[in-house]
Each structure stands twice: as structure tokens, then as C-alpha cells.
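Visitor: Could you take me through one part of this structure in close detail? I would like to follow a single helix and see what surrounds it.

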Amino acid sequence: MGGPMQNPWELQLDALGEYIRAQRRHANLSLRQLAAQTQISNAYLSQLERGMHEPSVRVLRSIAGALDVSVETMLAQAGLFEDEDPLTPGERGAAEAAIRADPRLTDEKKEALLAVYRSLVDGS
């Protein structure tokens, strides 16, 4: 990426890549396993996780299905799903990804915390 300042789309791609990586790790999947489940090449998935490509909707849907997240969440992470949230999809997704990636929390605690987080953000 060109210099010290990234444009907003590059930042969005970086946030999407971080989200995909966090979700893949949370699902205890290697890149190869995710590639096999999505029929997307290992190399391309690696580049997506590093924010180097703009994935198609088909690719996002495939990854969302394999990671058991909603397509809307994936589209929001890619900046393709607009809502009235004052946080950018990357900022909101990064917060949710951090909660999901925290090894100190059980799955039940993560879901409870995500529900509280979403209700506070959506209810403001």
C-alpha cells in the first residue's frame, strides 16, 4: 500500500481480513481446511486475510457459510452493507471479532457479551 496513510477502502479490506482470520481461528480451522470447505484456494484466502484482495459476494458468502457467520456480517465487514451504525463496519466487526477471539471466554459467554454489545450499540 502506497505510503504511511491508507485510503479508507484499504483500511476496510484490512479489517475484513482481520475479521476472517479471527473467525477462522475461532473455528479452529487452518487455511487449508477453510480452503477445502469453501473451494477457494489456500493462497487466495491467505491474501484476503492480509487485505490484499477485494472478494466477490460469492466468495464472501462461501466464507460466511464455512465460518458460520451471517452473510450480512461478512458484507458489513467488506463495506458492502450499509446501515445507520455510526461505527464503520470494520470498527464494529473488529470489536465483535475481538470478543470472539478471546480465549478466556467460553462460547456461551462470548454470545452473551456479543448480545449485550449489540444491544448497547444498536440501542444508542
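Guide: Happily; here is a close look at helix α4 and its surroundings.

Please keep in mind that this is a predicted model. To set the scene, the chain has seven helices and zero strands, and 40% of its 124 residues count as buried. Among contacts between residues at least 6 apart in sequence, 52% join residues at least 24 apart.

Now to the helix itself. Helix α4 covers residues 57-67, and its buried residues are Val59, Leu60, Ser62, Ile63, Ala64, Ala66 and Leu67. As a reminder, an α-helix has 3.6 residues a turn, so residues three or four places apart point the same way. Just after α4, Asp68 takes a positive phi of about 60 degrees.

One partner of interest is helix α2, residues 31-38, whose axis comes within 9 Å of that of α4. The two axes cross at roughly 115 degrees, and the crossing is right-handed. On the α2 side, the contact involves Leu34, Gln37 and Thr38; on the α4 side, these meet Ser62, Ile63, Ala66 and Leu67. By type, the residues of this contact divide into four nonpolar, three polar and no charged.

The helix also takes part in the largest nonpolar core, which has 21 residues. The members touching the most other members are Ile20, Leu34, Leu45, Ile63, Leu67, Val69 and Met74. Two or more residues come from each of α1 (8-26), α2, α3 (42-49), α4 and α5 (71-77), and α4 gives the largest share, six residues. Ile63 and Leu67 are thus worth finding on screen: both belong to the list of core members with the most partners, and both also belong to the contact with α2.

From there, turn to Met74. Leaving aside neighbours within four places in sequence, Met74 is in contact with Leu60, Ile63 and Ala64, and also with Leu16, Tyr19, Ile20 and Val69. Leu60, Ile63 and Ala64 are among the buried residues of α4.

A last stop is Gln23, which lies in helix α1. Is Gln23 buried or exposed? Gln23 counts as buried because its relative accessibility is 2%, and the cut-off for buried is under 20%. Beyond neighbours within four places in sequence, the contacts of Gln23 are Leu67, Val69, Ala97 and Arg100. Leu67 thereby brings us back to α4, where Leu67 is one of the buried residues.

Notes: Residues numbered from 1 in each chain as written. Predicted model: local features only at pLDDT ≥ 70, side-chain atom pairs only at ≥ 80, totals over all residues. Heavy atoms only, no water. Buried < 20%, exposed > 50% of the residue type's maximum accessible area, 1.4 Å probe, protein only. Helix = DSSP H or I, 4+ residues; strand = E, 2+ residues; numbered from the N terminus. Axes fitted to C-alpha atoms, helices over the stretch in contact; angles between N-to-C directions. Left-handed = near helix turned anticlockwise from the far one by under 90°. Contact = heavy atoms within 4.5 Å. Nonpolar A, V, L, I, M, F, W, Y, C, P; charged D, E, K, R; others polar. Core = buried A, V, L, I, M, F, W, Y, C linked by side-chain atoms within 4.5 Å.
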